[in-house]
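Good morning, colleagues, and thank you for making time for this presentation. Please take a moment to look at the model before I begin.

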Amino acid sequence: MSLLAYVGAALAEIAGCFAFWSWLRLGRSVWWVVPGLASLAAFAGLLTLVDSPAAGRAFAAYGGVYVAASVLWLWLAEGHRPDRWDLAGSAVCLAGTAIILLGRRG
């Protein structure tokens, strides 16, 4: 369930931020902000579904998923193929996510 929440949160956050980017940087209508705000609210709600006793740990682990999803967005939504540095950085971030989520707690 946490993996689905992380993936959904990443898509919602990226879409919400992209709506603002589109308005402020690409000259789209201010009305792009309305679905952007709804998407950002969905992002926050989805993160509450992560099975973690501490919000900070859930948010920290989410960071790696966000980085990898952003690189995927770069490719699929914006049409820019990730280079080896984008992919390597994403892999490092996902490794960090795995360490946070799967590490033994004392």
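I should like to begin with a bend: helix H3 turns by about 25° at Gly-63. Please bear in mind throughout that this is a predicted model. Helix H3 covers residues 55-76, which is 22 residues. From its first C-alpha to its last, H3 reaches 30 Å, close to the 32 Å expected at 1.5 Å a residue.

Allow me to place that helix in the whole chain. The chain contains four helices and zero strands, and its elements run α-α-α-α from the N terminus on. The C-alpha trace spans about 50 × 35 × 20 Å along its principal axes. Of the 106 residues, 25% count as buried. The chain exposes about 6,900 Å², and carbon and sulfur atoms supply 70% of that area. As for contacts between residues at least 6 apart in sequence, 63% of them join residues at least 24 apart.

Returning to H3, which of its residues are buried? They are Ala-58, Ala-61, Tyr-62, Gly-64, Val-65, Ala-68, Ala-69 and Val-71. An α-helix has 3.6 residues a turn, so residues three or four places apart point the same way. The cover over the buried residues of H3 includes helix H1, helix H2 and helix H4.

One part of that cover deserves a closer look, namely Thr-97, which lies in helix H4. Is Thr-97 buried or exposed? Thr-97 has a relative accessible area of 6%, and therefore counts as buried, the cut-off being under 20%. Leaving out residues up to four places away in sequence, Thr-97 touches Ala-61, Gly-64 and Val-65. Those three residues are also among the buried residues of H3. In addition, a polar atom of the Thr-97 side chain lies 3.4 Å from the backbone nitrogen of Gly-64.

Further along H3 we come to Trp-75, which has its place in that helix. Trp-75 is partly exposed, because its relative accessible area is 41%, and partly exposed means between 20% and 50%. Beyond four places in sequence, Trp-75 touches His-80, Arg-81 and Pro-82.

Let me now turn to helix H1, at residues 2-25. H1 has 24 residues and reaches 33 Å from its first C-alpha to its last, close to the 34 Å expected at 1.5 Å a residue. The buried residues of H1 include Ala-5, Tyr-6, Ala-9 and Ala-10, and also Glu-13 and Ser-22. Together, the buried residues of H1 pack against H2, H3 and H4. After H1 comes Gly-27, whose phi is positive, near 75°.

How does H2 meet H1? A useful residue here is Ser-39, which lies in helix H2, at residues 33-47. Its relative accessibility is 14%, so Ser-39 counts as buried. Setting aside residues up to four places away in sequence, Ser-39 touches Ala-12, Ala-15 and Gly-16. A polar atom of the Ser-39 side chain lies 2.5 Å from the backbone oxygen of Ala-12. The C-alpha atoms of Ser-39 and Glu-13 are separated by 6.5 Å, although these residues are 26 apart along the chain.

That brings me to the nonpolar interior. In soluble globular proteins, nonpolar side chains tend to be buried together. In this model, the largest nonpolar core has 14 residues. Which residues have the most contacts inside that core? They are Tyr-6, Ala-9, Ala-10, Phe-43, Leu-47, Val-50 and Tyr-62. The elements that give two or more residues to this core are H1, H2 and H3. H1 gives the most, with six residues.

Among the core residues just named is Val-50. Apart from its neighbours within four places in sequence, Val-50 is in contact with Ser-2, Ala-5, Tyr-6 and Ala-58. Ala-5 and Tyr-6 are among the buried residues of H1, while Ala-58 is one of the buried residues of H3.

To close, I would recall two polar contacts: the Ser-39 side chain with the backbone oxygen of Ala-12, and the Thr-97 side chain with the backbone nitrogen of Gly-64. Thank you for your attention.

Methods:
Residues numbered from 1 in each chain as written. Predicted model: local features only at pLDDT ≥ 70, side-chain atom pairs only at ≥ 80, totals over all residues. Heavy atoms only, no water. Buried < 20%, exposed > 50% of the residue type's maximum accessible area, 1.4 Å probe, protein only. Contact = heavy atoms within 4.5 Å. Expected span 1.5 Å × (residues − 1). Bend = angle between axes of the 7 residues up to and from the residue. Core = buried A, V, L, I, M, F, W, Y, C linked by side-chain atoms within 4.5 Å. Polar contact = N/O pair within 3.5 Å; in protein donor to acceptor, adjacent residues only side chain to side chain. Areas by Shrake-Rupley, 256 points an atom, 1.4 Å probe, with all protein chains shown as cover.
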